[in-house]
Amino acid sequence: MADEVATAVEAAKTRFLTGENFYAQHFLGAHQSSQGYVFRVWAPNAQQVWLVGDFNDWDDTLPMTVSSESGIWEVTTKLPKEGDLYKFKVRQQDGREIFKIDPFAIYFEKRPGNAAVVHTIPEKKWRDGLWQGRKKRSNQFKRPLNIYEVHASSWKHHEDGTPYSFADLTRELVPYLKEMNYTHVEFMPLMEHPLGRSWGYQLIGYFALSSYYGTPEEFQDFVEACHLNNIGVFVDWVPGHFCINDDTLPYYDGTPTFEYTDPDRANNVRWGSLNFDLGKPQVQSFLISSAMFWIEMYHLDGIRVDAVSNMIYRDYDEGPWTPNHEGGNRNFEGYYFLQKLNAVIKLAHPEVIMVAEESSSETKITGMIETGSLGFDYKWNMGWMNDVLRFFEMDPLFRQHHFNLLTFSFMYMMDENYILPLSHDEVVHGKKSLMHKMWGDRYKQFSQLRTLFTYLMTHPGKKLTFMGSEWGQFLEWKFDEGLEWVDLEDDMNHKMQHFTQTLNEFYRSEKALWELEGTWDTIEVIDADNTADSVLTFIRQGKTKKDFLIIVLNLAPVERQNFAIGVPYPGTYQEVLNTEMAEFGGTWTKHNDVCESLPIAFKQFDQQIQTIVPALGTLIIRPEQINTRKAKKVSK
């Protein structure tokens, strides 16, 4: 038996060194053994490494031995017990001695300390088999995807000012997600990080749920509760760069270990961090193991990879950069690492959704790796977000001259599989909340926020909105405070929340909004040229001819009487959503009457309907009784 264990460990070491160990946490880090606990750490150029902790008064009485071929140090001891704190004391290549964290630790002490905790996560008997089976059988691209983005410690605080743990979030956030009709929740990074101000994007513990948010077991229970309520769970993950704190990952053994050797490539000037050397096999094993650990330990449904542009372009940062061997800016190591990451995860878990936060258009991000893409399922559409928010911030007097901001995405919306993000990045650092961005007085701001959300839900692409925006919180997001839940005592905020709940349910139930997504058949523009009135009209189409919706967005503070809209078939049409209804905070007390089509040509259509379009409002109209055998196009 001992020989078999030794053979398995040697095989694990070999795979780690070649970049092919995707479960490296099973032998690196701290693990129970028949002789107590075995600790292993990779520090190939260290002169000596000691295990230190509560159990030996942080003294260097437990020297570790090294395998010179692998650079992995190891010690077995009966001293530690569950709950003890520990670190590694590393005598670096130049003789400097420094306490370092365990890169493979699965739990850390609470801030401001950063010692790892000897902790064994008990095997969980999951109860989400029905969810997992349904997920494997369904086509994610032909299903609704509406994500509620959350910063775990600022969604809600207790009365004493302390943030909710995942045990608290299981009791309150899960029912809220279900009540509000979201399909998924996405958390900003949950991995261990020393500074809350980084929002979790400056990581130190790639296998550890931050103890600030609770225990690993509590997060497992949260995910299970979501699945039992038909809600998926995504987590942000940061494989491009890491926290620069000296006692964590940087220059672990005194030499470039996790980071690039070239200082220009290692130093991330913009974010004050260090970039992973994504071409180093051991780093590939470390990072892919981290992703696999989170997917399997916590039954995650998806991972959003942060800052992909920084990983695939050498000149993305603000500092000096070194061209590649071809003289260009492509970071080949990052490019091929991301392809490898997606290939490994998709082979093991084809149903897991991989999302890229990426802002350029020079590289194919989504699609099959064999076609030259990075292999992600979805990419955040940052262009759509920037253009649309700029448009909604604009005085309506000038919108007619900048209508392309609203419609330019129609030119490229099938180039990638997109998620349309109204994320945390847009409601912080002086950018104002979504509500505050809207032009005009408070009533007009709510009107436009409802129209913005309706455009989000009816535009091709999956959806993401940040917490608090669903009821129109006016203040910017503060990472160290809870949301302004007191806003909901105001009637307008309460009605806005009701509108979002209604719109989310409408999106989930209307196949025309997602059934043919990813193909041009899903949309037909009726009129994107009515800049004078600032009204945009288009159709979202389902699989059957009769299953379609007509979207009418009025971006001007002027009600449009007897407004003409081209329709594909003769018959009657019924308004099914009006953003200016009184129940949502508007002034309308009843819907428009059913419209009978008129045999009057309108652009490519030989029929039109006429209706009233509310100022700064949106209508969604459904065919009631139509004749689909009639030609819809004007004969040429």
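**Strand pairing and burial around β21**

Modeller: In this predicted model, strand β9 (residues 146–150) and β21 pair in the parallel sense over 4 bridges, and within that pairing N146 stands opposite K463 in β21.

Colleague: What makes β9 and β21 a pair?

Modeller: Two strands pair if DSSP finds at least two bridges between them; β9 and β21 have 4 bridges, in the parallel sense, and therefore meet that requirement.

Colleague: Which strand besides β9 pairs with β21, and in which sense?

Modeller: Strand β20 (residues 418–422) and β21 also pair in the parallel sense, over 4 bridges, and the bridge partner of L420 in β21 is K463.

Colleague: Why is β21 called largely enclosed by the rest of the structure?

Modeller: Buried means under 20% relative accessible area, and 5 of the 5 residues of β21 (residues 462–466) are buried, so the strand is largely enclosed by the rest of the structure. K462, L464 and F466 point one way from β21, whereas K463 and T465 point the other way, and all are buried. In a regular strand the side chains alternate between the two faces of the sheet.

Colleague: How do you know that β1 and β4 are the edge strands of the open sheet of 4 strands?

Modeller: The order is β1-β2-β5-β4, with antiparallel pairing, and β1 (29–33) and β4 (65–67) each pair on one side only, as edge strands. Neighbouring strands of this sheet are turned by 25° against each other on average, direction ignored.

Colleague: How many bridges join β1 to β2?

Modeller: Strand β2 (residues 36–42) runs antiparallel to β1 and is joined to it by 5 bridges, and the bridge partner of Q32 in β2 is Y37.

Definitions and conventions:
Residues numbered from 1 in each chain as written. Predicted model: local features only at pLDDT ≥ 70, side-chain atom pairs only at ≥ 80, totals over all residues. Heavy atoms only, no water. Helix = DSSP H or I, 4+ residues; strand = E, 2+ residues; numbered from the N terminus. Axes fitted to C-alpha atoms, helices over the stretch in contact; angles between N-to-C directions. Buried < 20%, exposed > 50% of the residue type's maximum accessible area, 1.4 Å probe, protein only.
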